Amino acid sequence: MRSLTTRSSQANSAKRPKRFGLGKIGIALGGVLALVGCGVLAPEMGSYTGTIPAALKGSDLGVVEVAVGSGTDGLSRNVGVHVYLDHDQITAPELRDTISLIVPLIDQPGADTLELTFSDASGGFNVDSDVFTDLSVAKARQELLTEWGTGKQFGFSDSADDLIRGKISLLRQYLTDTGS
C-alpha cells in the first residue's frame, strides 16, 4: 500500500524545524531533580560545619562534642546537629539557648529543616569506643513551646522522643522578631 503523501506536505515538513519534545525536557528535568533529591548534585555545605561546633563548645551549656552534617529528605535539605553534653538531661532553657546559637549560623543554601539531637557524654567522650545514650527532648521541647507561646508552630516533630526537628525559616524569623 502506498502512502498518501503529497509533494506539498513533504515540502512543508522539510521546512519545519525539528522540535525538542516536551517529553524529553520532562525526562531530563526529572533526572536532575532526582539527583538533587538524592544529594548527588547537592550544593556544598556552608561554613556552619565549623561555626556551630565552635559556638556550642564555647558556650556554658556543658557541650563536650558536636557533630554537624547535611542531608536530604526527598527534595528537602536538612541540617543535622548532634550535641554531646556533660550531663544526662536537657532543660528548656538549654534547648532554647542551643537553638538560638545554631539557627543564625546555618548558611547552607536551600536548608529547610534543622534536626537536633542530644547525647549524654558525662562519662567521658571517646567516639570510637563509647556508646552514648540519646537524651529525651520531649519535656524540654514542650516547655519551650509553652514558653514561646502555643500559637508558635515551628514544624517541631512530636513523634520522636529524642529529636527536635523544626523549620529553619520559622525558627530564624521567631528569633529575629524576639531579638533572641
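This report walks through the core, one helix, a strand pair and an aromatic pair in a predicted model.

## The nonpolar core

Let us start inside. The largest nonpolar core holds 32 residues. Leu 56, Val 81, Leu 95, Ile 99, Leu 114, Leu 116 and Phe 118 have the most contacts within it. At least two core residues come from each of α3 (48-57), β1 (63-73), β2 (76-85), α4 (92-102), β3 (111-120), α5 and α6.

Phe 118 is a good residue to zoom in on. Leaving aside residues up to four places away in sequence, Phe 118 touches His 82, Val 83, Leu 85, Ile 90, Leu 95, Thr 98, Thr 133, Asp 134, Leu 135 and Val 137.

## Helix α4 and its buried side

Which residues of α4 are buried? They are Ala 92, Glu 94, Leu 95, Thr 98, Ile 99 and Ile 102. These residues lie on the same side of α4, because they cover an arc of only 160 degrees around the axis. A general point helps here: an α-helix has 3.6 residues a turn, so residues three or four places apart point the same way. Among the elements that cover the buried residues of α4 are α3, β2, β3, α5, β5 and α6.

Pro 93 also lies in helix α4. Pro 93 counts as partly exposed because its relative accessibility is 39%, between the 20% below which a residue is buried and the 50% above which it is exposed. Its C-alpha atom is separated by 9.6 Å from that of Glu 147, with the two positions 54 residues apart along the chain.

## Strand β5 beside β3

Strands β3 and β5 run antiparallel and are joined by four bridges. Across this pairing, Glu 115 stands opposite Arg 165 in β5.

Have a look at the side chains along β5 (residues 164-167), which alternate. Ile 164 and Gly 166 are buried and point to one face. Arg 165 and Lys 167 point to the other face and are not buried.

## The aromatic pair

The structure has one aromatic pair. Its partners are Trp 148 and Tyr 174, with 4.8 Å from centre to centre and 45 degrees between the planes, a tilted arrangement. The pair links distant parts of the chain: Trp 148 belongs to helix α5 (residues 138-148) and Tyr 174 to helix α6 (residues 168-178), 26 residues apart.

Are these two residues buried or exposed? Both Trp 148 and Tyr 174 are buried.

Definitions and conventions: Residues numbered from 1 in each chain as written. Predicted model: local features only at pLDDT ≥ 70, side-chain atom pairs only at ≥ 80, totals over all residues. Heavy atoms only, no water. Phe/Tyr/Trp six-rings, centres within 6.5 Å; stacked < 30°, edge-to-face > 60°. Buried < 20%, exposed > 50% of the residue type's maximum accessible area, 1.4 Å probe, protein only. Core = buried A, V, L, I, M, F, W, Y, C linked by side-chain atoms within 4.5 Å. Contact = heavy atoms within 4.5 Å. Pairing = 2+ DSSP bridges. Arc of directions from axis to C-beta.
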